[in-house]
Amino acid sequence: MKSGNTKTQNKTELIPGKTAKRLQSVYRIAAAVMIVLLFVLLVTAMVGLPEIGDKNNPDNNEVARRYIENGLEETGAVNIVSGMILDYRAFDTFGESCVLFVATICVTIMLRIDGRGGDEDDEEHETGKKAFGIRESAFAKFDSRNYEPQNDTILKKSAMLVIPLILVFGIYVVLNGHLSPGGGFSGGAILGTGFILYLSAFGFEKTERFMNAKTVKIVTLVALLVYCLSKCYSFFTGANHLESGIPLGTPGAILSSGLILVLNICVGAVVACTMYSFYALVRRGRI
Amino acid sequence: MWNLVREHLNDIVAAALFVIGFGDLLFQKNMIKKIIGLNIMDTAIYLLLASQGYIEGRKAPIVVDGVKDVSAYINPIPSGLVLTGIVVSVSVTALLLSLTIRMYKKYHSLDLDYCLMMARREG
């Protein structure tokens, strides 16, 4: 990092070379001192914390005790973390799903390419480019669509083998969220990677048969609405009460634990659509 | 001294990761490397939270064979917090990367100093 910066800074026109160099080194020394101080500060703070793995630590208090002792009876979920985040703290998880949704919207606003085109390149940049010693090859037209794999046989064949396994595993993780490690977020991420691999192997034309902007929109909105309606009625019944009325079933069965299964599926759908749309947006500017 | 380090190994590694990520943010000029630094800082936080919830000799909080005793499982709350952190970090990373793409499209460079200079020159 040192060699590249000094070389480019010398040629800047705004600040004379020597001053820039001096400022640069002052900044570097100050930054180095700062991070060393930060490390010392953090380590002294960490050493003051209670020992890791001790059962008498203050964070192992009555809240955790209550979740473990009553979690299975009250939520019906064998996986206590799942029961915690989708029942006791379901609003928190709803907020997380909404964060993902808002992130998708923001990335869409940022990267959407409308048909008008319009390259923002102009001559004003030429002087700056030379001053900073930026190579011309970096200015090749930004269009990753040119680099799409075209009929890559190895990729296609291995994708055919792997994608069904990935999708089935993702569905398994989502549906077993209340029984085993996993849940909506991890399972949704696995499903999303399956779709992304399909897209890389077979291209946009084939992917659009089942995954296009309309599907993503409908699935995300339906999932978020179901989540919202199934948890927000408690505002009208006087909060502090998240009973669903659905029987909890026998612990360990797949159809148990009331709403947690439904909410896991909703979260999984939102996460899978979000992952896919991030990739599609970066790749070609629309979902 | 050595005993103290061994007791707090996870915390110290978390602090080191945090500082490495922060140093990345300070020293690198490339936006992609800055975003990588931010993600390293995120992993430091996950490590810290997850290790605070760990209890020696206990298992993940998934009820097996109906054992509902507190002394069998670790603390489930930090696990839930780490989950929240991961989701937010994914969203922030996606947003930052898309902003970086926009910046590259406008200034044809990932060098933050150069882009800021050009932005200032344009007024």
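The exercises below, each with a worked solution, concern a predicted model with chains A and B.

**Exercise 1. The contact between the chains**

Find how many residues each chain gives to the contact, and which helix of chain A supplies the largest share of its side.

Solution.
- Step 1. Chain A contributes 55 residues to the contact, and chain B contributes 53 residues.
- Step 2. On the side of chain A, at least two residues come from each of helix H2 (17-47), helix H3 (62-75), helix H4 (80-88), helix H5 (90-111), helix H6 (124-131) and helix H10 (259-284).
- Step 3. H5(A) supplies the largest share of this side, nine residues.
- Step 4. Sorted by class, the side of chain A that touches chain B holds 38 nonpolar, seven polar and ten charged residues.

**Exercise 2. The nonpolar cores**

Name the helix that gives the most residues to the largest nonpolar core, and follow the contacts of A:Tyr276.

Solution.
- Step 1. The largest nonpolar core has 60 residues, and those that touch the most other members are A:Leu263, A:Cys266, A:Val270, A:Val271, A:Ala272 and A:Tyr276.
- Step 2. Two or more residues of this core come from each of H3, H4, H5, helix H7 (153-175), helix H8 (184-207), helix H9 (213-232) and H10 of chain A, and likewise from helix H4 (77-107) of chain B.
- Step 3. H10(A) gives the most, with 17 residues.
- Step 4. Once neighbours within four places in sequence are left aside, A:Tyr276 is in contact with A:Gly192, A:Phe195, A:Ile196, A:Met211 and A:Val216.
- Step 5. There is also a second, separate core of nine residues, among them A:Ile35, A:Leu42, B:Phe18 and B:Ala44.

As background, nonpolar side chains in soluble globular proteins tend to be buried together.

**Exercise 3. The two faces of H9(A)**

Decide which residues of H9(A) are buried, and what they pack against.

Solution.
- Step 1. H9(A) has 20 residues, and the distance from its first C-alpha to its last is 28 Å, close to the 28 Å expected at 1.5 Å a residue.
- Step 2. A:Val216, A:Thr220, A:Ala223 and A:Tyr227 are the buried residues of this helix.
- Step 3. These residues lie on the same side of H9(A), because they cover an arc of only 70° around the axis.
- Step 4. The spacing follows from a general rule: an α-helix has 3.6 residues a turn, so residues three or four places apart point the same way.
- Step 5. The buried residues of H9(A) pack against H5 and H10 of chain A.
- Step 6. On the face turned away from the buried side are the exposed residues A:Lys214, A:Ile218, A:Leu225, A:Leu229 and A:Cys232.

**Exercise 4. The overall form of chain B**

Is chain B more spread out than a compact globule, or not more spread out?

Solution.
- Step 1. Chain B has five helices and zero strands, in the pattern α-α-α-α-α along the sequence.
- Step 2. Chain B is more spread out than a compact globule, because its radius of gyration is 20 Å, well over the 14 Å that the globule rule gives for 123 residues.
- Step 3. The C-alpha trace of chain B spans about 65 × 40 × 15 Å along its principal axes.
- Step 4. Of its 123 residues, 33% count as buried.

**Exercise 5. H5(B) and the loop before it**

Sort the named residues of helix H5 (residues 112-122) of chain B into buried and exposed, then describe B:His108.

Solution.
- Step 1. B:Tyr114, B:Cys115 and B:Met118 are buried in this helix.
- Step 2. An arc of only 95° around the axis covers them, which puts them on the same side of H5(B).
- Step 3. B:Leu116, B:Ala119 and B:Arg120 are exposed, on the face turned away from the buried side.
- Step 4. B:His108 sits in the loop between H4 and H5 of chain B.
- Step 5. B:His108 counts as buried because 21 C-beta neighbours lie inside 10 Å, and the cut-off is 20 or more.
- Step 6. Although B:His108 is not a glycine, its phi is positive, about 55°.
- Step 7. Most residues other than glycine have a negative phi.
- Step 8. Just after H5(B), B:Gly123 also has a positive phi, about 90°.

**Exercise 6. Two residues of chain A**

Classify A:Gly170 and A:Pro50 as buried, partly exposed or exposed.

Solution.
- Step 1. A:Gly170 lies in helix H7 of chain A.
- Step 2. A:Gly170 is buried, because 24 other C-beta atoms lie within 10 Å.
- Step 3. Beyond four places in sequence, A:Gly170 is in contact with A:Gly187, A:Ile190, A:Leu191 and A:Gly194.
- Step 4. A:Pro50 lies in the loop between H2 and H3 of chain A.
- Step 5. A:Pro50 counts as partly exposed, with 14 C-beta neighbours inside 10 Å.
- Step 6. Not counting residues up to four places away in sequence, A:Pro50 touches A:Asn57 and A:Pro58.

Definitions and conventions. Residues numbered from 1 in each chain as written. Chains lettered and ligands numbered in written order. Predicted model: local features only at pLDDT ≥ 70, side-chain atom pairs only at ≥ 80, totals over all residues. Contact = placed C-beta atoms within 7 Å. Helix = DSSP H or I, 4+ residues; strand = E, 2+ residues; numbered from the N terminus. Nonpolar A, V, L, I, M, F, W, Y, C, P; charged D, E, K, R; others polar. Core = buried A, V, L, I, M, F, W, Y, C linked by C-beta atoms within 7 Å. Buried ≥ 20, exposed ≤ 12 C-beta atoms within 10 Å, placed from the backbone. Arc of directions from axis to C-beta. Rg over C-alpha atoms; globule rule 2.2 N^0.38 Å. Expected span 1.5 Å × (residues − 1).
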